[in-house]
Amino acid sequence: MADPAIDANVTPPRMEVSEEIAVQITDMNKWYGSFHVLRDINLTVHRGERIVICGPSGSGKSTLIRCINALEEHQKGRIEVDGTLLSSDLKNIDKIRSEVGMCFQHFNLFPHLTILENCTLAPIWVRKTPKKEAEQAAMHFLEKVKIPDQANKYPGQLSGGQQQRVAIARSLCMKPRIMLFDEPTSALDPEMIKEVLDTMIELAEEGMTMLCVTHEMGFAQAVANRVIFMDQGQIVEQNEPKEFFNNPKSDRTKLFLSQILGH
Amino acid sequence: MSDTHAQTVGYVRDTMIDEQPAPVGQTGAVKWIRENLFSGVINTLLTVISLYVIWVVVSHLYPWLANSIWDAGSLTECREIRDATVGPDAPAACFAVITDRWQQLVFGFYPPEHYWRPVVALLVFLAAIAPVLFQGIPRRALWLSAAAPFVLFALLWGGSIWGPVAVALGFVIGFVVYRVLLPLAGNLAAVLGAIIVPLLYWLFLAGPLAGALTSVAPIGLEYVQSKDFGGFTLSVVIGVSAIILSLPLGILLALGRQSNLFIINKISVAFIEVIRGVPLIVWLFTASLLLNYFLPPGTNFDLMLRVIIMVTLFSAAYIAEVVRGGLAALPKGQYEGASSLGLDYWQSMRLIILPQALKISIPGIVNTFIGLFKDTTLVVFIGLLDPIGLSNAIRASTDWNGVYWELFVFIGLMFFIACFSMGRYSLYLEKKLQREHR
C-alpha cells in the first residue's frame with residue numbers, strides 16, 4: 001500500500017474527547033421511495049470527537065450526515081443531537097440546525113450578499129445578535145480562516161478555496177457545537193485543498209466535534225480519532241485511523257483502501 | 001516562424017518592430033460599411049431594397065408630419081387651413097384634435113375645476129415610488145410610501161378624508177396586535193390575530209368611526225365618482241394599482257405552488273391555471289356583469305374597483321409563473337445553505353431565495369407589467385372610457401368626425417413612453433443587481 005498523503009508518523013495533536021454524548025443515532029433507517037439508502041445505522045459521537053466517514057459513492061455517507069441536521073428526514077430510528085430528539089417538529093429542527101454547522105461540497109454561499117453579510121445573516125436573524133456585535137464576531141472568524149481582507153467582496157469574486165473557508169467561517173459565526181462537512185474539498189483544485197484542510201485541522205485542534213465525509217485520507221490520519229467506512233447504506237467498519245489504514249478487517253474495506261490509496 | 005525553427009531552435013530577436021497603423025480600409029466606417037452592408041451580392045441587394053423601403057416610408061410620413069396643423073377647432077377647419085397653406089391634396093396631419101381635446105384624453109370626465117388633483121396624485125405617486133425603485137434615497141422614506149395609497153385615494157376620489165384614515169388605521173391595528181401577541185402567544189396566533197382583528201374592525205367599526213369623525217370635523221375634497229374617471233387617468237389608476245397589488249400576490253402564489261402543504265399547493269395551482277386559461281376580456285365581463293348575480297342584492301360594488309381586482313388577479317397568475325421560473329432556477333444548495341444555518345421558512349425565502357429568484361425574474365415580471373398596462377385598454381369593452389374609448393367619443397362629435405390616425409398616434413406614443421420607461425428601468429435594475437458569477 002502506498003504512503004498516504006500526510007506523513008503517518010506525525011503524532012496527531014492531543015485533543016481531548018469527553019464522555020459527553022454529542023450525537024446519538026440509534027437503529028436509523030432511511031428510504032428514498034423504495035430504495036433503502038441507510039440501514040440500521042448506530043453511531044455515538046462524543047463531544048470533541050473528530051470522525052471521518054469514507055466509502056464508495058452512493059454508499060449513503062452524505063445522506064447520513066445530512067440526516068443529522070434534518071436536511072434529509074429519516075423514516076425509522078432515533079437521532080439525538082445535543083440531547084434534543086430530532087422529530088418532525090419544525091421548532092426542534094430549526095434549533096438543531098442553529099447548533100450544528102454544515103459545510104457543503106459546493107459551499108452554498110449566498111451570491112447576492114457580501115462575505116460579511118453571508119457571515120452575519122444567521123446570527124442577526126436567528127440568534128437576534130445586534131448587527132455591530134455580529135459583524136465583530138464575523139470579522140474574528142474571517143481572520144481565523146485568513147480572509148478578513150475579502151469581507152466586502154461578493155462570493156463570486158473569490159477562489160473556490162477562499163469560498164469554502166468563508167463557508168466554514170459562516171458556520172462558525174453561529175457558534176455551533178458540532179460541525180458537519182460534506183466532501184468540503186471535492187470541488188476544489190488540488191492547490192486549494194490544502195488551505196481548506198489546514199483550516200479544518202486548526203478547528204479540530206480547538207476541540208470542535210466534527211463529522212467529515214471526505215476522501216482526504218491524509219486528513220483522516222492527521223486529525224481523526226475514528227474512521228468510519230460505509231458501503232451500501234451500512235457502517236461496514238470503524239476504527240482508529242492507524243488500525244483502519246494499516247490493518248483493515250473487512251475485505252470490502254481492503255478493496256476500497258487499495259483503490260483510493262494505490263494509484 | 002517554422003522556417004526559423006527549421007534552421008535553428010534557438011532564436012533571438014535583434015530589432016523590435018515599431019507600432020504601425022492598420023491598412024487603409026480595414027478600420028473605421030469604411031470597414032464597417034463594407035463588412036455589414038456590401039459584403040456580397042445578396043447583402044448588397046438587401047441593402048438596396050432596405051434603402052428603398054425606408055425611403056418609401058419616410059417620403060410618405062414626413063410631409064404628413066411636416067405639414068401637420070396644430071391650431072384648429074374642427075376637422076373641417078383643419079382641411080381649410082391645409083388647402084390654404086400646402087394645397088388641397090397634400091397630406092397633412094391634423095394634430096389640432098389633440099390640442100383641442102387633450103384634457104379629455106388625459107382626464108376623461110373628471111370635473112375640470114379639479115384637474116389639479118390627478119396631477120398632484122401623479123406627483124405624490126412618483127415621490128412615493130422613488131424610494132422603492134432607487135436605492136440612493138433614505139430608507140425612512142418608505143414609511144411615506146406606505147401612506148401614499150391612502151393619500152392617493154383621498155386625492156383622486158375625494159370625499160371625507162376620514163374614510164381612508166379609518167381604513168389605514170386597520171393596518172396599524174393589525175401591526176399592533178401582531179406585536180402584542182407575538183411574545184404572548186407565538187407566531188401563528190400573532191399572524192392570525194393580525195388578520196382577524198383588522199378584518200372585524202373594517203367590517204364593523206371603520207364605517208361608523210369614519211362617519212362619526214366626519215360629522216365632528218368634515219374635512220375633505222369634493223367627491224368624484226368612478227364613472228367620471230377616464231382617459232389616461234383611468235388607465236394609469238387601473239394599471240398602477242394592479243401592478244402594485246399583483247406582485248406580492250403573484251409571489252405568494254408562486255411560493256404556494258412550490259409548497260409541500262397539499263391544500264395550499266392545490267389551491268395555488270388551481271387558481272393560476274383557471275385565471276390564466278381564460279381570456280382577460282372574459283374576466284372583465286365577469287367583473288362588470290356576472291359579479292352582480294353573486295353579490296348580495298343591494299350591494300353597489302364600484303365597477304372600477306371590480307376591474308382593478310380582476311386585472312390584479314389576472315396578472316398575479318402570470319407573475320406567479322414567472323417567479324416560479326426564477327425559484328426553479330436557483331440551485332438546491334441555496335435552500336440547503338439557508339436551512340442549515342437555522343433560518344426558518346419565511347426568513348430563508350425573504351433573505352436568501354426571493355432576492356435571487358426575483359432578480360432572475362425581473363425581465364419576465366416587467367414584461368408582464370407592460371402587457372398588463374397595455375391590456376387596461378380592454379376596459380373599453382365594458383363601457384369604461386379609457387383613451388381608446390374617449391377617442392371614439394371624440395370622433396362622435398361633429399367637429400372631429402373622421403379623425404383616426406392623429407388620435408391613435410398620440411395614444412400609442414403615450415403608452416410607448418410608459419412601457420419603454422418600464423423596460424429601461426428593468427435593464428437598469430438588472431445591471432445594478434449584477435454580481436459576479438458563482
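Select helix H6 (190–205) of chain A. In this predicted model, H6(A) supplies three residues to the lining of the largest cavity, the largest share. Helix H5 (160–172) of chain A also gives at least two residues to that lining.

**The cavity**

Next, display the lining residues as sticks: A:Lys144, A:Val145, A:Ile168, A:Leu172, A:Thr199, A:Glu202 and A:Leu203. The space they surround amounts to about 50 Å³. A search of the whole structure finds one cavity of 30 Å³ or more. Colouring the lining by class will show four nonpolar residues, one polar residue and two charged residues.

**From helix H5 to the six-stranded sheet**

Keep H5(A) selected and add strands E6 and E7 of chain A, across which this helix lies. The helix runs at about 170° to E6(A).

Now extend the selection to the whole sheet. Six strands of chain A form an open sheet in the order E6-E7-E8-E3-E9-E10, with mixed pairing. Strand E6 (100–103) and strand E10 (234–239) stand at its edges; each has a single partner strand, so one side of each is left without a neighbour in the sheet. On average, neighbouring strands of this sheet are turned by 20° against each other, direction ignored.

Within this sheet, zoom in on strand E7 (residues 178–182) and strand E8 (residues 209–213) of chain A, which pair in the parallel sense over five bridges. To inspect one bridge, label A:Phe181 and its partner in E8(A), A:Cys212.

**The four-stranded sheet**

Move to the other sheet of chain A, an open one whose four strands follow the order E2-E1-E4-E5 with antiparallel pairing. Here strand E2 (35–46) and strand E5 (84–85) are at the edges, each with a single partner strand, so one side of each has no neighbour in the sheet.

Select strand E4 (residues 76–81) together with E5(A): the two pair in the antiparallel sense over two bridges. One residue to label is A:Val81, whose bridge partner in E5(A) is A:Thr84.

Then add helix H1 (residues 61–68) of chain A, which lies across strand E1 (21–32), E2 and E4. Relative to E1(A), the helix runs at about 120°.

**Chain B by domain**

Finally, turn to chain B and colour it by its domain assignment: domain 1 (24–98), domain 2 (104–110 + 226–437) and domain 3 (159–221). Domain 2 is assigned as two segments, so both ranges should be entered in the selection. Taken over C-alpha atoms, the centres of domain 1 and domain 3 of chain B are separated by 60 Å.

Conventions: Residues are numbered from 1 along each chain as its sequence is written. Chains are lettered from A and ligands numbered from 1 in the order in which they are written. This is a predicted model: local features need pLDDT of at least 70, side-chain atom pairs count only at pLDDT 80 or more; totals for chains, interfaces and linings use all residues. Side-chain values use heavy atoms; hydrogens and water are left out. On a 1 Å grid over the protein atoms alone, a cavity is a set of points where a 1.4 Å probe fits but cannot get out, and a pocket is an open set with protein on both sides within 12 Å along at least five of seven lines; lining residues have an atom within 4 Å of a point. Grid points are joined across faces, edges and corners, and a volume is the space filled by probe spheres set on the points. Ala, Val, Leu, Ile, Met, Phe, Trp, Tyr, Cys and Pro count as nonpolar, Asp, Glu, Lys and Arg as charged, and the others, Gly among them, as polar. Two strands pair if DSSP finds at least two bridges between them. Contact means heavy atoms within 4.5 Å. Axes are lines fitted to C-alpha atoms, for helices over the stretch in contact, and angles run from 0 to 180 degrees between N-to-C directions.
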